[in-house]
Amino acid sequence: MLRRLLILSFICVLLNACSSSFSERNMNEKASPKPMNVIEKVMENNIPTIPVEPFKLAKEPKNFLLIGVDSRGEKDSRSDTIMLARYEPADKKMKLISLMRDSFVKIPDHPLHYSKLNHAYYLGGKDLLKRTVEENFGVKIDHMAIIDFNGFINMMDTIAPNGIDVVVTEAMIKDMNLQVKPGKQKLHGKDLLSYVRFRHDEMSDFGRVKRQQEVLISLKEQVINQFSTLEGIAKFPDIIKQAMQNVETDLKFDEAFSMGASFLLNPVNDIQTLRIPVANSFENKSYQHAGSVLQLDFHENEEAIKQFLLTH
């Protein structure tokens, strides 16, 4: 408890220093330059301005749409990973819902009405994908975050510089061209990307979804370990800055800072996962315009999501 109070005090000092220096700089643009603290450095690197207001920890549950884009910077791309994440700071919970990209859904304004879920991003970007998810699965999305291949690699190397322990198979080693033996191995950014995208076994996309959830859960411990000391907390604003440089999001800096601080002071101790479609709620179908798809029972899956998010 004492350590958490020290950390909270340190975070507040950092944020207040940022707000004060920002106010002073606006009042006197010609003032003599002075050494910047770590938060001021964040502000000098194209991060949205932090409002001068009291620092508040995140308290209310929020739903996030997490989109992994099948791209290394190309203009036109499809969503390779689609997840709903619900953060419940008061209950120290995180809920992850993986939406299978081959789910056959109704895409608003689509000329053929229905297509694969990941086609929505290709047709209309994050806004159309958000609308498609909300209308098909009956869930409200508060914020979005989009990351491409390069951003994922950079994020993994930033948050988990020592790598993440995973179990690799012979098939993965051959497909990913890894110089390791089958079994538990520690993978880093580029290899972790290959790991979460691998689907050339009998589990196909279902196995990939499981690995994506596995890596996200592992990141929780990495974050807690990295910021468990005052020295680590001092790096916290810079890590937020780096994260926002690798992720496209509608979150402002102060919102991301608030949620991150809440996560550190009240670490998530319960992470629950769900895959949509749930078992026995879909059929494998094929359509000329969409190829192989998962034909969903929407009522059953919407109800599964509703119950999952309401469960305490």
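Contact here means heavy atoms within 4.5 Å, and with that reading in mind the tour of this predicted model can start at an arginine.

Select Arg 211, which sits in helix H7, residues 204–226, and display what surrounds it. Leaving out neighbours within four places in sequence, the residues in contact with Arg 211 are Met 172, Tyr 195, Val 196, Phe 198, Arg 199 and Asp 201. Which side chain of opposite charge is nearest to Arg 211? It is that of Asp 201, at 4.3 Å, and because a salt bridge requires a side-chain nitrogen of Lys or Arg within 4 Å of a carboxyl oxygen of Asp or Glu, Arg 211 is left buried with no salt bridge.

Stay with helix H7 and select Ser 204, which belongs to that helix. Its phi is near 50 degrees, a positive value in a residue other than glycine, and Ser 204 is partly exposed, with a relative accessible area of 31%.

Next, colour the largest nonpolar core, a set of 46 residues in which Val 168, Leu 187, Leu 192 and Tyr 195 have the most contacts. Centring the view on Leu 192 and ignoring residues up to four places away in sequence, you will find that it touches Phe 152, Met 156, Ile 164, Val 166, Leu 187 and Val 215. Apart from this core lies another, of 30 residues, among them Leu 84, Ala 120, Phe 137 and Val 209.

Now move to helix H3, residues 119–137, and look along its backbone. A straight helix of 19 residues would span 27 Å, whereas H3 spans only 16 Å between its end C-alpha atoms. Where is the kink in H3 centred? Select Gly 125, on which a kink of about 130 degrees is centred. Gly 125 is also one of the buried residues of H3, which include His 119, Tyr 121, Leu 128, Leu 129, Thr 132, Val 133 and Asn 136. Just after the helix comes Gly 138, whose phi is positive, near 65 degrees.

Two loops remain to be visited, and both call for a check of backbone torsions. Most residues other than glycine have a negative phi, and most peptide bonds are trans. In the loop between strand E2 (79–88) and strand E3 (93–99), select Lys 92, which has a positive phi of about 55 degrees although it is not a glycine; Lys 92 is partly exposed, with a relative accessible area of 24%. Finally, go to Pro 277, in the loop between strand E10 (270–276) and strand E11 (282–287), where the peptide bond from Ile 276 to Pro 277 is cis, with omega near 10 degrees.

Definitions and conventions:
Residues are numbered from 1 along each chain as its sequence is written. This is a predicted model: local features need pLDDT of at least 70, side-chain atom pairs count only at pLDDT 80 or more; totals for chains, interfaces and linings use all residues. Side-chain values use heavy atoms; hydrogens and water are left out. Helices (H or I, at least four residues) and strands (E, at least two) are DSSP runs, numbered from the N terminus. Buried means under 20% relative accessible area, exposed over 50%, partly exposed in between (1.4 Å probe, protein chains only). Lys and Arg count as positive and Asp and Glu as negative; His and the chain ends are not counted. The expected span of a helix is 1.5 Å times one less than its number of residues. The bend at a residue is the angle between axes fitted to the seven residues ending there and the seven starting there. A nonpolar core is a set of buried Ala, Val, Leu, Ile, Met, Phe, Trp, Tyr and Cys residues joined through side-chain atoms within 4.5 Å.
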